[in-house]
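Biologist: I should be grateful for a close look at a single part of this model, taken residue by residue. Please begin with the term on which the description depends, and then set the part in its surroundings.

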Amino acid sequence: MSARINPSILSADFANFERDFNTIANADLIHVDVMDNHFVPNLTFGLPMVHRMQQITPKPLDVHLMISEVDKWAPGYAEAGAFSVTFHLEAAADPIALARRLRSIGARAGVAVKPGTSVDSILDSLIEFDQLLVMTVEPGFGGQSLIESTLEKVSAARRKIDQEKLDVWLQVDGGIDESNIARVAELGADTFVAGSAVFKADDRAKQIDNLRDLATAGFAHHH
Ligand code: DX5
Ligand code: ZN
């Protein structure tokens with residue numbers, strides 16, 4: 001298995017997305033952070049931008065919704081053609097119904113938890129999802145340091161996924177870089193968001209391959 005590296009365009013040039021997409025052509029998916037200045041204290045862009053992004057790149061978009069009222073807003077991102085739509089458990093009135101709706105539109109359904117939110121309540125329903133995102137920083141901003149205490153949720157989720165032989169991607173997002181990615185992969189994460197670690201690199205494509213190699217080697221050691 002090869003680990004997935006999803007560069008977060010929160011660290012890209014917001015006036016030059018098309019140009020920046022071309023610098024990360026070897027990415028597995030493109031991670032798109034939607035923020036509403038309500039669920040998190042920061043604002044990025046919404047549906048029209050994501051719709052347009054999916055038109056200018058053949059890459060699958062990995063949309064991470066950091067917004068409130070997801071039951072109402074998330075399906076629109078699936079309808080806009082996003083490959084994967086991840087909403088926050090904390091923002092969903094009925095997470096399972098919403099996941100079913102996203103799948104019925106044709107998107108992969110993801111659920112995310114903030115650092116302070118337990119995964120226990122969602123582990124028994126993982127079959128309803130295609131991805132579990134364990135946030136390794138407080139959502140809202142790029143360039144923060146990974147919060148170590150979030151990693152036990154990665155281990156717990158990996159145990160559950162393996163025990164039940166589920167086809168669920170286990171994603172981490174926040175503070176992932178070349179110094180810690182192998183260790184996080186060894187705990188069982190298989191899908192890695194990296195914002196500043198990719199976009200700050202002189203050669204972004206080379207950094208993506210480097211991160212993927214480190215993660216793939218780490219994941220091979222997980223047990
Ligand atoms: C933070 C976002 C992340 C962010 C990660 O709320 O969800 O996707 O871009 O950035 P880095 O990798 O710099 O921590
Ligand atoms: Zn994100």
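Modeller: A residue is called buried when its relative accessible area is under 20% and exposed when that value is over 50%. The model is predicted, and the description below should be read accordingly. The part chosen is the loop between β6 (131-135) and α6 (151-163), in which Val-137 lies. Val-137 has a relative accessibility of 4%, and therefore counts as buried.

What surrounds Val-137, once its neighbours within four places in sequence are left aside? The residues in contact with Val-137 are Pro-115, Gln-144, Ser-145, Leu-146, Ile-147, Asp-173, Gly-174 and Gly-175. One of these, Ile-147, is ten residues from Val-137 in sequence, and the C-alpha atoms of the two are 5.7 Å apart in space.

Two of these contacts lead to Asn-180. This residue belongs to the loop between β7 (169-173) and α7 (181-186). Beyond its neighbours within four places in sequence, Asn-180 is in contact with Leu-146 and Gly-175, and both Leu-146 and Gly-175 also appear among the contacts of Val-137. Asn-180 counts as buried because its relative accessibility is 6%.

Another contact of Val-137, Asp-173, leads to the metal. The zinc ion (ligand 2) is coordinated by Asp-173 (OD) together with His-31 (NE2), Asp-33 (OD) and His-64 (ND1), at 2.1 to 2.3 Å. The site is octahedral, with angles of 71 to 172° among its six donor atoms. Along the chain, the donors of this zinc ion follow the spacing H-x1-D-x30-H-x108-D. The two histidines join distant parts of the chain: His-31 is in strand β2 (residues 30-35) and His-64 is in strand β3 (residues 61-66), 33 residues apart. Both histidines, His-31 and His-64, are buried.

From β3 the chain can be followed onward to α3. The loop between β3 and α3 contains Glu-69, which has a positive phi of about 50° although it is not a glycine. The buried residues of α3 are Val-70, Ala-74, Pro-75, Gly-76, Tyr-77 and Ala-78. Their cover includes β2 and β3, along with α2 (47-56), β4 (84-88) and α4. Just after α3, Gly-81 takes a positive phi of about 100°.

The packing of α3 against α4 deserves its own description. The axes of helix α3 (residues 70-79) and helix α4 (residues 95-105) come within 9 Å and cross at roughly 15°. The two helices are therefore roughly parallel. Their crossing is right-handed. On the α3 side, the contact is made by Val-70, Asp-71, Ala-74, Pro-75, Ala-78 and Glu-79, and on the α4 side by Leu-98, Arg-101, Leu-102 and Ile-105. An α-helix has 3.6 residues a turn, so residues three or four places apart point the same way. Val-70, Ala-74, Pro-75 and Ala-78 take part in this contact and are also among the buried residues of α3.

A contrast with the buried loop residues is found at Lys-165, in the loop between α6 and β7. Its phi is near 50°, a positive value in a residue other than glycine. Lys-165 counts as exposed because its relative accessibility is 75%, whereas Val-137, at 4%, counts as buried.

Note on methods
Residues are numbered from 1 along each chain as its sequence is written. Chains are lettered from A and ligands numbered from 1 in the order in which they are written. This is a predicted model: local features need pLDDT of at least 70, side-chain atom pairs count only at pLDDT 80 or more; totals for chains, interfaces and linings use all residues. Side-chain values use heavy atoms; hydrogens and water are left out. Donors are N, O and S atoms within 2.8 Å of the metal (3.2 Å for Na, K and Ca); water is not among the atoms, so sites may look incomplete. Four donors count as tetrahedral if all angles lie between 85 and 135 degrees; four count as square planar and six as octahedral if opposite donors are over 155 degrees apart and all others between 65 and 115; anything else is irregular. Helices (H or I, at least four residues) and strands (E, at least two) are DSSP runs, numbered from the N terminus. Buried means under 20% relative accessible area, exposed over 50%, partly exposed in between (1.4 Å probe, protein chains only). Contact means heavy atoms within 4.5 Å. Axes are lines fitted to C-alpha atoms, for helices over the stretch in contact, and angles run from 0 to 180 degrees between N-to-C directions. Angles under 35 degrees count as roughly parallel, over 145 as roughly antiparallel, 65 to 115 as roughly perpendicular and the rest as oblique. A crossing is left-handed if the near helix is turned anticlockwise from the far one by less than a right angle, and right-handed if clockwise.
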